[in-house]
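Student: I am new to this structure. Please take one part and look at it closely with me.

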Amino acid sequence: MSGPATHCGAGGDPEDLTSGGSLPAVWREHAGRQPDRVCLHDPDTGWISRGELAEESAAVAGRLFAAGLRRGDRVLLSAPAGTALVAAHVACLRMGLVVVPLNAALRRREVAHIVADAAPRGAILDDADMRAWVRRAAPEAVVCTSAVHLRSGKVPSLDDLDGNEPAILGYTSGTTGAPKGAVLTHANLLAGAEALRRAWDWRDSDRLVLALPLFHMHGLGVGLHGTLHAGAAAVLQPSFDPGAVIDAVLEHRATLFFGVPTMYSRLVTHRRSGELAGLRLAVSGSAPLAAELHRGLEAATGLRVLERYGMTETVMLVSNPLDGERRPGSVGFPLPGVDLRLMAPGESPGSAPEVAAGMSGEIWVRGPNVFAGYWCRPGTGPRSDGWFSTGDIARRDAEGYLYLEGRTTEVIITGGLNVYPREVEEQLADHPAIAEVAIAGRPDEQWGELVTAYVVPAPGRRTPTAADLRSHVVDRLARYKQPRAVVPVEAIPRNALGKVQRHLLGEVAGTEAAAT
């Protein structure tokens, strides 16, 4: 069995997580019951009510329908966070279109890959270059800056959705290679939002300051969908600025803030960080939150950040408890409806028992939030019995708390022994000569792979040698886990949400490693 999920408010039939039918159906119910209640604050135009969002999204749906888009068609979306983007997103979901969120930072080659893979019939894109790239790659697609530039039309049937219909085609972050499109159904999205509503006691009185981008599962699937599902309100931020976040928390009497570790590292050093103390809940995800930063935030703000774990393919899977100990370095327990197993390499649920507490294993999951499969890739995704291998490695402690240790594709095999990069990175993080560090393997004829530290030196400090780093961790890590080589780099390559892109480390290396 999985860990004690009751810590996250589990209970009842997992199917009950989808009893609302779909997110649009729940949103329509909220709008019908209290149409004048505010739900979104646009950085430029101010507050919008539930009823106004319902009306605006219906009008957008009419324009998209008049442009020839029909149920099941894929639509690319990319724009700054605001009412216009949310209305377009909601309209697409309400009329059965499949949203393909795009990161505005993508370049032509990356956009061309997604267009070729998804075969979109429409695109609403704020960036002129991106519109040009899509027009060249998909000349038959309807491409516009905003839906208001399309002619108005009769509103099609809305909200009559089957849970098994695709809702979002979410392209993976690409931390291990070319992005793949994960097909998330309406039932997946609803189950994910409802699990979080229960686990975090998400109330209609909550207000979330949302500075996360709306092209990623953290900002879109958790922040926006969760807010609208709970009947709550979100204060959208066009970008992340620590002072602006603190101002928004105070001005709008916010109760929630969701961020990534890089955001929290900037907030904790801000002179006004103590003004965040009024938040009911601060959540971190998308990349590991260092235990030292977790403790620093508590000291500065009084907040014990709640760390959770999810992925594009599954929405959210695991969370520290709302009520109870939130352990630094741990992501907590499975969310309501989620089955989770830790399996030894080469094993899967049903073939062998889970690994024992304290042992590392690959995370397998099953539940109504787990995606249907990868777009146009038959045979990928969950097994026929619903189990999906996440590719992530973790261990459980004696109390059932889950600790992430890396990915199976990141595992370094040196001298026949496995080394997980995150463990080494955490132990090197407090070295005074290091600003940032990432660990990866480099081919070696003798050892198979050398544990290699890609280091951004601290300002005014020389790059530490491998011997320096080994000395620093000599009492913390087994010898085979200690770095045998150092590569100085100007920056650690990360994606938009802060995850280290290990497959790019070799491309950013400033010099050859000096193995010692």
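Student: How do helix 1 and helix 6 lie to each other?

Tutor: They are oblique to each other. Before the details, note that this is a predicted model, where local features need pLDDT of at least 70, side-chain atom pairs count only at pLDDT 80 or more, and totals for chains, interfaces and linings use all residues. Residues are numbered from 1 along each chain as its sequence is written, and side-chain values use heavy atoms, with hydrogens and water left out.

Start with the pair you asked about. Helix 1 covers residues 23-33. Helix 6 covers 186-199. (Helices are DSSP runs of H or I with at least four residues, strands are E runs of at least two, and both are numbered from the N terminus.) The two helices pack at about 55 degrees, and their axes are 8 Å apart. (Axes are lines fitted to C-alpha atoms, for helices over the stretch in contact; angles run from 0 to 180 degrees between N-to-C directions.) That angle makes the pair oblique, because under 35 degrees counts as roughly parallel, over 145 as roughly antiparallel, 65 to 115 as roughly perpendicular and the rest as oblique.

Who touches whom? Helix 1 brings Leu23, Pro24 and Val26. Helix 6 answers with His186, Leu189, Leu190 and Ala193. (Contact means heavy atoms within 4.5 Å.) By class, this contact has 6 nonpolar residues, 1 polar and no charged ones. (Ala, Val, Leu, Ile, Met, Phe, Trp, Tyr, Cys and Pro count as nonpolar, Asp, Glu, Lys and Arg as charged, the others, Gly among them, as polar.)

Helix 6 has another partner, helix 7. Their axes come within 9 Å and cross at roughly 75 degrees. Helix 6 and helix 7 are therefore roughly perpendicular to each other. From helix 6 come Leu189, Leu190, Ala193, Glu194, Leu196 and Arg197. From helix 7 come Val222, His225, His229 and Ala230. The tally here is 6 nonpolar, 2 polar and 2 charged residues.

Now step past the end of helix 6. A loop links helix 6 to strand 9 (207-210), and Asp201 sits in it. Asp201 is not a glycine, yet its phi is positive, about 50 degrees. Its relative accessibility is 35%, so Asp201 counts as partly exposed (buried is under 20%, exposed over 50%, partly exposed in between, with a 1.4 Å probe and protein chains only).

Strand 9 leads us into an open sheet. The sheet has 9 strands in the order 2-1-10-9-11-12-13-14-15, with mixed pairing. (Two strands pair if DSSP finds at least two bridges between them.) Strand 2 (46-49) and strand 15 (333-334) stand at the edges with a single partner strand each, so one side of each has no neighbour in the sheet. Strand 1 (38-42) pairs with strand 2 in the antiparallel sense over 4 bridges. There, Leu40 stands opposite Ile48 in strand 2.

Helix 7 (217-230) packs on this sheet. Among the strands it touches are strand 1, strand 9 and strand 14. The direction of helix 7 makes about 160 degrees with that of strand 9.

One last stop is strand 14, residues 315-319, which holds Val315. Val315 also has a positive phi without being a glycine, about 55 degrees. With 1% relative accessibility, Val315 counts as buried.
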